Amino acid sequence: MSEFKGVLLQLFFALMPFVMYNVYYRNLEINYSRAFIAITCCISLFLAMTFPSSAVQGIMFDIRYVIMFFGLVFGGITTGLILLAEFVAYRLYLGGIGAFNAMIIMCVTFPISVLLSTAYHRARRKQLVTLLAAVLFSFLPLIYLYFSHTDYLLTHLSFNMIVMPVQNFIGIWLLVTLFNKSVSDKELQLRYLQNEKVEAANHVAASLAHEVRNPLTTVLGFLKLIRSNAFSPDKTERFIDISIEEIHRTEQILSDYLSMSKPLSSHRQELDLITHLRSVVEVMTPYATMHKVSIQTDCPAEAVMVYGNSTEMKQLLMNFIKNAIEACMDVPHAQVLISFKSLGDRVQFEIRDNGVGMDGDQLSRLGSIYYSTKRTGTGLGLTFSYQAIRSMQGTVSVNSEPQNGTVFTISLPVA
């Protein structure tokens, strides 16, 4: 039973980089870095060597070969050398009768790990390389012990035949396979999210072209009138003021549009939710008009301050409003209504449409990654929006019935 507990503890240490990756990078729009691999591997190696499995005092069994191979595969040779230096220093500090043997075995296994990590990146069937590494690092230490410490190996045969192969074989297989799967899923998610943002930007750009032409046409007309010198100075001054206002309006529309395509950052600050909503509504109104959808807002006159990221807030508002527009653009008298309600230390706002609605199965899967009610959608828009709301300690709920529209209710804490 004690051997079983030791193996489970070592496997937990082996899976620490995988667990920490999923916790740290879950809501980030970037994938792992080599620095992250180096840090997590150093922590895992230190803990594994501090709490090893052992049948005889001084002879320690841990998942050092698992971490070393993993660090080389995903962190590169620099990470591998850092882990090697940590191992040598800490193993000499721990001492014991097995310290010299540990150094000899590492002199053999480290070059093999370097070769296998190179083969892993070049191989088409990476699972075969992983399997080969698991087998080699499970039995090479036992082979060395058989020739150097035969009596010890035979005396504790059951311990050595169970602990070392199980720890290394299962550890390498689980860590490399699960981490590689998570990294691949993250890359796919980032790619789909980027495609979703580009698609949304393309849709909005078509309608913005019309919105930008209007003020430019106005300015052009007034410039022609001013050039004719057929009006009084007061009238001409008024024409100039209107032209300047239209140029500022055009500049604001373009700024709002461009801000939505910028990459997100983790910086958070107090921001006015009402100002952001009006900015997004102004950008989305041409898109709604193009599809014969009216947008109505019932906003308070005073500012509503929340804590979050400005670009992130605009992006999630655009996602919800765009979805609402697309849900009702094929129904007569299509309408999107946005309303606010103050609930003490929280603010709640609703985005309601009178569109096609959703059934129970669609509602239960809404917000899940890669699920979308649109034929060409990826589901990443709402997935991102849900994660952004949760990161601001907010909640989101949805009520909908087929052919009776949909209501998204978003609640955020007041800053």
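This is a short walk through the structure shown above, from the whole protein down to single residues. What you are looking at is a predicted model.

Let us begin with the overall picture. The protein holds 13 helices and nine strands. Of its 415 residues, 46% are buried. If you take the contacts between residues with a separation of 6 or more, 73% of them join residues that are 24 or more positions apart.

A good place to start looking is helix 6, which covers residues 126-148. This helix has 23 residues, and from its first C-alpha to its last it reaches 33 Å, close to the 33 Å expected at 1.5 Å a residue. Which residues of helix 6 are buried? They are Val129, Thr130, Ala133, Ala134, Phe137, Ser138, Pro141, Leu142 and Leu145.

Next, let us see how helices meet. Two packed helices are described by the angle between their axes and the distance between those axes. Go to helix 2 (residues 16-24) and helix 3 (residues 34-50), which pack at an angle of about 135° with their axes 9 Å apart. Because of that angle, helix 2 is oblique to helix 3. Their crossing is right-handed. On the helix 2 side, the contact is made by Met16, Pro17, Met20, Tyr21 and Tyr24, while helix 3 brings Phe36, Thr40, Ile43, Ser44 and Leu47. Sorted by character, the residues of this contact are eight nonpolar and two polar, with no charged ones.

One residue here deserves a visit of its own. Isoleucine 43 lies in helix 3. Is isoleucine 43 buried, exposed or partly exposed? Its relative accessible area is 34%, and buried means under 20% while exposed means over 50%, so isoleucine 43 is partly exposed. Leaving aside neighbours within four places in sequence, isoleucine 43 is in contact with Met16 and Met20. Proline 17 sits 26 residues away from isoleucine 43 along the chain, and the C-alpha atoms of the two are separated by 8.8 Å.

A second pair of helices can be read in the same manner. The axes of helix 10 (residues 273-290) and helix 11 come within 9 Å and cross at roughly 40°. That angle is why helix 10 is oblique to helix 11. The crossing of helix 10 and helix 11 is right-handed. From helix 10, the residues making the contact are Leu273, His276, Leu277, Ser279, Val280, Val281, Met284, Tyr287 and Ala288. From helix 11 come Ser310, Met313, Lys314, Leu317, Met318, Ile321, Lys322, Ile325 and Glu326. This contact divides into 12 nonpolar, three polar and three charged residues.

Let us finish in the loops. Follow the chain out of helix 11 (310-328), and before strand 6 (335-343) you come to a loop that holds histidine 333. The phi of histidine 333 is near 55°, a positive value in a residue other than glycine. Because its relative accessibility is 73%, histidine 333 counts as exposed. Further along, where does glutamine 393 lie? Glutamine 393 is in the loop between helix 13 (380-391) and strand 8 (395-400). Here too phi is positive in a residue other than glycine, with a value near 60° for glutamine 393. With 54% relative accessibility, glutamine 393 counts as exposed.

Methods:
Residues are numbered from 1 along each chain as its sequence is written. This is a predicted model: local features need pLDDT of at least 70, side-chain atom pairs count only at pLDDT 80 or more; totals for chains, interfaces and linings use all residues. Side-chain values use heavy atoms; hydrogens and water are left out. Helices (H or I, at least four residues) and strands (E, at least two) are DSSP runs, numbered from the N terminus. The expected span of a helix is 1.5 Å times one less than its number of residues. Buried means under 20% relative accessible area, exposed over 50%, partly exposed in between (1.4 Å probe, protein chains only). Axes are lines fitted to C-alpha atoms, for helices over the stretch in contact, and angles run from 0 to 180 degrees between N-to-C directions. Angles under 35 degrees count as roughly parallel, over 145 as roughly antiparallel, 65 to 115 as roughly perpendicular and the rest as oblique. A crossing is left-handed if the near helix is turned anticlockwise from the far one by less than a right angle, and right-handed if clockwise. Contact means heavy atoms within 4.5 Å. Ala, Val, Leu, Ile, Met, Phe, Trp, Tyr, Cys and Pro count as nonpolar, Asp, Glu, Lys and Arg as charged, and the others, Gly among them, as polar.
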